[in-house]
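Hello,

Here is the structure I promised to hand over. Please have a look at it first, and then read on for what turned up.

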Number of protein chains: 2
Amino acid sequence: MKLYVVGIGPGSFENMTVRAVNALKECDVIAGYTVYCDLVRPHFPDKDYISTPMMGEEKRVKMALDKCQEGKNVCLICSGDAGVYGLAGLAVSMAEDLGSKGHMADDGECEEKIQVEIIPGVTAAISGAALLGAPLIHDFCFISLSDRLTPWELIEKRLRLAAEADMTIVLYNPESKSRAGYLRKACDILLEACDGSRVCGVAGEIGREGEYCHVMSLNDLRDYTADMFTTVFIGSSGTRQVGDKMVTPRGYESEK
Amino acid sequence: MKLYVVGIGPGSFENMTVRAVNALKECDVIAGYTVYCDLVRPHFPDKDYISTPMMGEEKRVKMALDKCQEGKNVCLICSGDAGVYGLAGLAVSMAEDLGSKGHMADDGECEEKIQVEIIPGVTAAISGAALLGAPLIHDFCFISLSDRLTPWELIEKRLRLAAEADMTIVLYNPESKSRAGYLRKACDILLEACDGSRVCGVAGEIGREGEYCHVMSLNDLRDYTADMFTTVFIGSSGTRQVGDKMVTPRGYESEK
């Protein structure tokens with residue numbers, strides 16, 4: 001029995017890896033957030049599904065592990081990559097906890113430890129960057145604006161240091177209904193160190209209906225309304241607009 | 001005529017996306033660094049290949065664009081993702097330059113602009129993290145230790161600021177024959193701010209023969225000999241060793 005923690009990429013079948021497709025084909029049960037279960041169901045209609053709503057991350061992993069203990073092969077799916085703000089960490093830790101408790105089966109035999117295999121996928125920074133051009137060609141960082149599990153002071157500190165390091169910054173979870181105005185707050189912090197003309201971009205609904213991407217200035221980004229599914233890119237000082245694309249140079253002769 | 005810039009992932013066919021496989025199936029010509037052409041050739045044996053050695057990045061993109069201008073559909077392949085220290089930026093910029101020159105064909109007609117489509121792939125940080133456990137579950141950054149195109153002072157500055165921001169750090173291009181000792185130099189800088197017991201990891205040859213990953217302390221990483229194909233992970237202060245894995249917590253109750 002094995003728990004596969006599978007990154008399904010941005011949403012379309014085409015952006016899944018061959019390995020993810022094979023794991024989903026061969027498993028007994030697919031567990032995940034309702035929206036992502038609905039995305040994969042048409043391609044794997046004959047599987048058992050365990051759909052859980054947002055926020056129920058620990059419960060979702062627990063349900064997946066329970067199914068493994070019943071002897072099923074389970075794919076726990078995450079959008080993008082399961083290891084980037086995803087469930088891979090909880091899955092490894094909770095499986096290890098179960099294992100170290102020497103879980104006993106009904107017949108008194110010590111059960112085999114659940115093996116966890118993480119199948120990497122294309123995270124939103126990577127798929128969004130491909131749509132926008134090439135903003136991540138040089139050093140960059142990922143910062144989530146969600147303060148549900150992280151103090152806002154730490155997020156703010158990281159934004160300031162990332163701007164000082166002059167790396168391209170990718171923002172995950174820029175806003176949500178309960179966190180309206182967070183993207184503006186982040187832009188205001190970045191504007192202390194960066195010029196308002198700094199090249200930025202947004203991308204969303206990647207590989208799905210309604211896919212969008214826009215290149216804009218940091219000033220314009222400040223007035224942009226994002227949601228949980230928008231990925232935001234703030235270029236480094238070297239990032240340029242090339243046609244309608246956003247490109248960070250690597251330092252080649254032809255880029256000078 | 002179209003130039004597809006394709007991230008082939010860490011190396012195995014299974015870790016390519018369905019979209020990358022389809023593009024490689026349907027194109028006329030595959031262009032890339034010799035090592036990566038050799039990786040895909042067995043799966044797409046009937047294609048024309050343009051293999052160029054390392055360092056010839058601008059020439060490689062130029063050759064791919066030339067083939068497009070001959071009316072061929074070309075896949076320019078990169079390992080991992082083409083947008084992360086890859087050729088996506090050069091491809092977008094050089095195609096734009098060609099277009100803005102209003103390139104004339106032999107018959108005097110103005111040629112159509114070459115369309116560039118970037119097909120995202122699984123970069124080494126993502127595939128390496130999946131092997132090591134879940135080091136990238138919270139904020140993190142990518143820093144390349146190659147000073148071929150970037151001044152070492154900037155690399156050093158970014159390392160210091162990333163340590164201060166307490167993000168997980170992924171190092172690309174940690175060492176090469178001509179840059180022996182660079183990983184040790186980087187570790188010495190990080191050790192000014194981080195404890196020697198900080199949880200770190202390395203991964204390499206991912207999805208290929210000889211695949212490896214090891215979790216170790218920052219002190220041990222300082223004495224590790226990496227190469228161009230090793231990806232290095234330095235955990236944040238919260239990163240823990242869980243069994244033989246490396247996990248950065250997200251902040252869930254069960255992680256406290």
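Below are some notes on the two copies, one helix and the cysteines.

Please keep in mind that this is a predicted model.

Let's begin with how the chains are arranged. Chain A superposes on chain B after a rotation of 180 degrees, with 0.0 Å of shift along the axis and an RMSD of 0.0 Å. The two copies are therefore related as by a two-fold rotation axis. They also meet through the same surface, because 100% of the interface residues of chain A are interface residues in chain B as well.

A good place to look next is helix 1 of chain B, which covers residues 18–26. Its buried residues are Val18(B), Ala20(B), Val21(B), Ala23(B) and Leu24(B). What do these buried residues pack against? Across in chain A, their partner is helix 1 (18–26). Within chain B, they pack against strand 1 (2–7), strand 2 (29–33), strand 4 (74–78) and strand 5 (115–119).

Then there are the cysteines. How many disulfides does a search of the whole structure find? The count over all chains is 0. Take Cys200(B): the nearest cysteine sulfur belongs to Cys187(B) and is 6.6 Å away, and Cys200(B) is in no disulfide. For Cys68(B), the closest cysteine sulfur is that of Cys75(B), at 9.5 Å, which is too far for a bond; a disulfide would need the two sulfur atoms within 2.5 Å. Is Cys68(B) buried or exposed? Cys68(B) is buried, with a relative accessible area of 0%. Cys200(B) is buried too, and its relative accessible area is 0%.

Enjoy exploring it!

Best wishes

Methods
Residues are numbered from 1 along each chain as its sequence is written. Chains are lettered from A and ligands numbered from 1 in the order in which they are written. This is a predicted model: local features need pLDDT of at least 70, side-chain atom pairs count only at pLDDT 80 or more; totals for chains, interfaces and linings use all residues. Side-chain values use heavy atoms; hydrogens and water are left out. Buried means under 20% relative accessible area, exposed over 50%, partly exposed in between (1.4 Å probe, protein chains only). Copies are superposed by least squares on the C-alpha atoms of residues with pLDDT of at least 70 in both. Contact means heavy atoms within 4.5 Å. Helices (H or I, at least four residues) and strands (E, at least two) are DSSP runs, numbered from the N terminus.
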